[in-house]
Amino acid sequence: MRDEFWDTAPHYGGRKEIWDALRAASEADVALAQAIVESAGVIVSNADLTLCYDERGAKYELPKYVLSAPTNLVQDS
């Protein structure tokens with residue numbers, strides 16, 4: 001589902017560069033994620049990156065499943 005979201009995210013509006021920055025930030029540790037969003041000019045409205053805006057005011061909404069690893073799955077042994 002994550003890959004599908006990121007592949008189709010630019011079709012929801014906004015700029016591809018911002019979507020790419022948000023993806024990189026979602027996959028990075030906190031310090032690096034903060035540097036990525038600041039350098040891309042992303043305005044973070046929610047601390048968990050679920051709602052962001054770019055400098056032009058375009059809205060970017062990220063579902064929680066792209067921001068954290070699933071906790072309800074059984075691992076293969």
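This section describes helix α2, the aromatic rings and one loop residue in a predicted model.

Helix α2 spans residues 16–26. Its buried residues are I18, W19, A21, L22, A25 and S26. Viewed down the axis of α2, these buried residues fall within an arc of 160°, so they line one face of the helix. The packing partners of this buried set are two helices, α1 (2–8) and α3 (30–40), and two strands, β2 (51–53) and β3 (59–61).

S26 belongs to the buried set of α2. Its relative accessibility is 15%, and S26 therefore counts as buried, the cut-off being under 20%. Beyond neighbours within four places in sequence, S26 is in contact with W6, L49, V66 and L67. Two of these partners, W6 and L49, are taken up again below.

The aromatic rings were examined next. A pair of aromatic rings is described by the distance of the centres and the angle of the planes. The count in this model comes to five aromatic pairs. One of them joins F5 and W6. Their centres lie 5.1 Å apart, with 75° between the planes, and the pair is edge-to-face. F5 has a relative accessibility of 6% and counts as buried. W6, a contact of S26, is buried too, with a relative accessible area of 8%.

W19 and Y60 form another pair. Here the ring centres are 4.9 Å apart and the planes stand at 70°, so this pair is also edge-to-face. The W19 and Y60 pair links distant parts of the chain. W19 sits in helix α2, Y60 in strand β3, and 41 residues separate them. Both W19 and Y60 are buried. Strand β3 is also among the elements against which the buried residues of α2 pack. Ring pairs link F5, W6, Y12, W19 and Y60 into a cluster.

L49, the other S26 contact singled out above, lies in the loop between β1 (43–44) and β2. L49 is buried, with a relative accessible area of 12%. Its backbone is notable for the sign of phi. Most residues other than glycine have a negative phi. L49 is not a glycine, yet its phi is positive, at about 70°.

In outline, the buried face of α2 includes W19 and S26. W19 takes part in the ring cluster, as does W6. S26 contacts W6 and also the loop residue L49.

How values were computed
Residues are numbered from 1 along each chain as its sequence is written. This is a predicted model: local features need pLDDT of at least 70, side-chain atom pairs count only at pLDDT 80 or more; totals for chains, interfaces and linings use all residues. Side-chain values use heavy atoms; hydrogens and water are left out. Helices (H or I, at least four residues) and strands (E, at least two) are DSSP runs, numbered from the N terminus. Buried means under 20% relative accessible area, exposed over 50%, partly exposed in between (1.4 Å probe, protein chains only). Contact means heavy atoms within 4.5 Å. The arc is that of the directions from the helix axis to the C-beta atoms. Rings of Phe, Tyr and Trp (its six-membered ring) pair if their centres lie within 6.5 Å; planes under 30 degrees apart count as stacked, over 60 as edge-to-face and the rest as tilted.
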